[in-house]
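Me: Please take a close look at one part of this model. Go strand by strand, and give the cut-offs as you use them.

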Amino acid sequence: MTTTDQETRPTAEDRSRFEEVWARPRGWRRALTSVQHKSVGTRYMVTAAVFFFVGGIQALFMRVQLAQPEQQVLSAQTYNELFTMHGTTMMFLFAVPFLEGLAAYLLPLMLGARDMPFARYNTFNYWCYLFAGIILYSSFLVGMVPDAGWFAYVPLSGPEFADKAMDIWLFGLALAELAAIGAAIEMIVVVLGMRAPGMSLDRMPIFAWTMLCVAAMIILAFVPLLVGSMLLELDRNAGTAFFDVERGGDPLLWQHLFWIFGHPEVYVMFLPGAAIISQVVPVHSRHRLVGYPFVVAAVVVTAIMSLGLWVHHMYTTGLPPVTLSFFTAASMSISVASGVQVVAWITTLWSGRPRLTVPMLFSLGFLFTFVAGGITGVMVASAPFDAQAHDSYFVVAHFHYVLIGGMLFPVMAGLFHWWPKFTGRIPSARLGTVSFWLTFAGFHLTFFPMHLTGLWGMPRRVFTYDATLGVGLLNLLSTVGAFVLAAGFVLAATTLLVALRRGERSGPNPWGADSLEWAADSPPSSPNFGRIPVVGSRAPLWNPPPQDPELDGMAAAFDHAPQNVRATPFTTVLAARPGTAAVQARPSLWPLVTAGGLALVAVGLLVGSVWVVAASVLVIVAGFVAWELQNERELGAGEAREPVGGRYPVEAPGPRSPGWWGATAAAVVLVVAVATVAFSLLFLEVNAPVWPAGETLGRPWLSAGTGVALALAVAAAWWGSRHGPLDHAAASEARGVHLAATATAGLAGTAALALTVAQWVTSDLDPTAHAYDSGVLTLLGTQALAIVLGLGITGCAVVARLTHARDVRPRIMLQNSAMLWTGVLVVWAIAWAATDLVPVAVV
Amino acid sequence: MIDARIRSMFPPAGDVADRVDSHWQLLLVVGSVVWLVVVTAMLVAVLRRRRAEREERDDDVPGDEPGRGHLVVAFLGGVAPALIILGIMADSVLTLRDTGAATDASRAPVVVEVDGRQFWWEVRYPDHDVETANEIHIPTGQDVRIELTSDDVIHSFWVPQLAGKVDLVPGRTNVLTLHADEPGTYWGRCAEYCGLQHAWMRFVVVAHDAPEYAGWLEAQARPARSPDRVDDGDDQPGGDETGGDDGPGAGPDTEVAAGREIFMSSSCVYCHTIAGTEARGTLGPDLTHLASRQAIGAGVLPNDRESLARWITEPQDVKPGNAMPGTELDDDELDALITYLESLE
Amino acid sequence: MTAVPAARPRTVRAAVTAVLVPPAAWLAALGLSYVVQDFACSAYTSAGRVPPATAIGAVVVGLDVVLLALTLAAGVVAWQAYRHASTEHSPLPGFLGVLGMILSLAFAGGIVMIAVNPLVLEVCA
């Protein structure tokens, strides 16, 4: 990037102070307190890779058992445990977390930022994920391994048929989902707000577009699963009736909730894979991606349509044909979007000069395999054919083509592509090529025969089959292939690890690539970029930088600066014009403490100890308070935090700083959660012969009072957020207003909480009697939880007011709490409609 | 174990399966062609440029996006697949219209109720007061309405050669129409993971021509043969077949009577029904005509003396996790019990 | 490349709207079609009454037609934004316009594929 003449270059002293503020913690502190996106991303990827190999070993055991008809290598119980844990591990502990880690590592680099927007929250999510994995795998230690399948259909996973193993599974899952939802919020904010100056939406790398869409999908799709697992946990341990037919529940509700998550989940894995290909293919063919707007549109279409495919997992549950057909239409439409991407890649190959590097080989392997998986996907999308193929090995073949072909091969391409960036070393091309051919041949040898095994009548999830089925040879081929595939992955991992020490040094940009991460050092320094790059085209490293004084001004202001706080440019959503400075977190222990507390809550609930639960809640609360105090300190508590370069304010109200986006996203998550519960109740209602069994909740005055109190909290927070000067240097004028506003919002929120509790206490409902009653309890509980979150953020506003001399920070925090309170108000409205209005309205 | 040669959806043996099969052939042909075209294009794209690579210079600037590229992506990537998908969707909807809707009870002359249990199938003919397990007998050439229910977990009913699968969901009655053109034995099984022994939850559908079917129904509707009525029978083929290698002494009749006594005085009666006797249990399969069935344990063992002995003494070894406890019997008692069970034709 | 000329805010706003409307319309089309058809049929059936299938089908198709019109209108807006942007030489609204047009066409096709179902199949079978 060029420098204009008139600006002052940072001095050596500036540089060393800048490096000091970005210095990584050393020794044990590094392990526990580092929050930097690169270390968090690396941890995600390493942990996920470990789980990948564990899940792979489970698969090998299963393949050995199935190598011959009627073998006795594994018992039925062990086999069922293994396929449950294999699916759970690969989906929840490998694929999604790995991609979150890759995104956490790459997005800031690719977009020209210095860290993720809420680096500590990012770290918190990683710890949640790690603890989720530990909880799930502790099931092997205590000898209660989940065995109800990764889809955990009730009633098999319900109180009557599953033991505590299922609780372990549900808690592990809930923590992993919580982590994924958090990661999604991070991705949305980093992509929308933290792009390098000039990187308008039309110049954004496809990977960033994709992760934006994926993050939106995660929020819309993972929240329902989190809600679903909560409902199942209540059924299992609190005697509620959501899935019990006798009491107004319905086992199909679980399938809806699970697949509303489950199908988008597939695209949450595939779309990043496709995005990796969209980054790798152009670089290794030395040609810009052809049809960029079409690829972006295809990603958007895939993301949206993936939300409307879930019923195609339920084609055989006896739904009416027209229902099935709506979802057949959606399932087939989505394949056109994949067609667009495939043709864009092939046209890029055609127009460019492809080099058969290892990343390119894996990309070609991806195309070869994924297209086949997509085509079998169209086949199983057809309801009448699916009635035959469903739950047979044909489907096993299909989704391994899509997931290994569509996600794992791209990940391998990406690893070999970005390894020089991660480590500064180039992995051996020869070993990489061998590992590609091993995985490619092993994959097809394993999974191609499964199409036939399925068509010839072998169902999934059987621990054995008899010789007369005539699929012995096919299964033997699959088993041999599985070992070849495993050898390929072991060799690939070895190649990468050996490169850490022996690989050729790569320099910043060994492939001659086009996107910003290749402008940083290899491996990148702690702040990624001393001087933030400016962007004037889709391929910033292939084109000359833009001559735009406004952009250059921002780059100059942030050139090895600021030096008293970690910060990165925050730019406008559409055009990425210079905006403000976003403060980035320094190392902290509190994410680990709070995530550990959350995991301890799960442990306490599993062992049934109130004391453990109570203690861990205390740990969580203390952890969050310490976390918030640390936040405020970094934002210049007690002193004025000067604008960066004198022009870019450190934080500003509204969408000009990350906090507003975070609060909005949190409000959206709350609304999606309560809407899921409300829709669940509507679903149960239309399917139940009687609804409700007795009285409705019928506490209109208490409910209206809650609404009024919440509206008051919203109004108070808004009112407070509009007072006081925004200038960092101006003396505080609105201290009293802010305190009054927080006090009002806090009191109103407390009143709303009391009224919510009163609604339940004064009613005669019994959550174990009927699903309606269970639903009311859950809705009121969700509402109470939302209010507690509102009170929490109001508390943060109080802390901000008490610790800051200037008015801007309390204003921002009040605005954030107003956003969240608005979400809580919507939660109340939905809950009220579902408990009182709808039961009266429906037939 | 089960005498059914074909266990896949090919060749289809009924009109529902037929219709799905022709839909599948369309999917297969179109899918294969599309895949071949895409992979060929990919390989040509890579290989064709490999020759040009020699001319590549180091200072090459990566090519800019050609306007033509947009058109290629839009038409080959968007419009062409959309047209193909429209065609497939049309055939899918039409197939669904022909096969998806369940036949009304009024239009289907034969109604069979199938209740999925962990891990076997209870089969009832409500119009004929017949109850059996793991075997569904149907007449050829007629629509048979199968009403599927479950009281425990979700199962799925799948006879690949006759139709696609339909789940058995607690709280719902799902309906499937079977239609077999030819007499024969069609293999079926549970297709939804339902717990420990999901792999061994199988059944057969036996299609008879109309007179044979009527005969079967009539035989099944009779109460069990009791040993004191064995004398009335004109012949005893069962006794000859199974009792041939029995020890000397006890005649078949007395042994059957002894076996019956053992059955009625043991815990068997708590779970099993034998029509015409005091055994009225409903937790396990109805044994009234046990000897007429091909297999025991929902397909896990063939129905012969040796297997019955194993099944009675150590069912948890044969099929761990099924609901039947093992019964301790000495050899004589076991022999007698099996002889009795084998008399239940 | 030189400094990006500022596009008219109206053009940008129109283009953003045109990008956001088609996905929302498609989701609404699928969600409403499913909820209206499945929930209405189930509600009548579980209450032991015969569902008014024709009326339900008409409501579904009617909703889908409205949403289809909305999607196509978004496409027209995107087209206009694209034309404005190309006269103004502003790449961002131009890109958003192209994106809006593609999304409008894609989701319009998707809505049509949803809407034909109640016309071909029995609504409450």
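Reply: Here is the open sheet of chain B, followed by what lies across it. The model is predicted: local features need pLDDT of at least 70, side-chain atom pairs count only at pLDDT 80 or more, and totals for chains, interfaces and linings use all residues. Residues are numbered from 1 along each chain as its sequence is written, with chains lettered from A and ligands numbered from 1 in the order in which they are written.

The sheet has 5 strands (DSSP E runs of at least two residues, numbered from the N terminus). Their order in chain B is β4-β10-β9-β6-β7. The pairing is mixed; two strands pair if DSSP finds at least two bridges between them. β4 (135–139) and β7 (166–168) of chain B are the edges. Each has a single partner strand, so one side of each has no neighbour in the sheet. From one strand to the next, the twist averages 25°.

Now the β7(B) edge. Its link to strand β6 (residues 155–158) of chain B consists of 3 bridges. The two strands run antiparallel. Opposite B:Leu168 in β7(B) stands B:His155.

Then there is helix α3 (residues 210–221) of chain B (helices are DSSP H or I runs of at least four residues). Helix α3(B) lies across β4 and β10 (202–208) of chain B, where contact takes C-beta atoms, placed from the backbone, within 7 Å. Relative to β4(B), helix α3(B) runs at about 135°. Such angles run from 0 to 180 degrees between N-to-C directions, with axes fitted to C-alpha atoms, for helices over the stretch in contact.

Notes:
Two residues are in contact if their C-beta atoms, placed from the backbone, lie within 7 Å.
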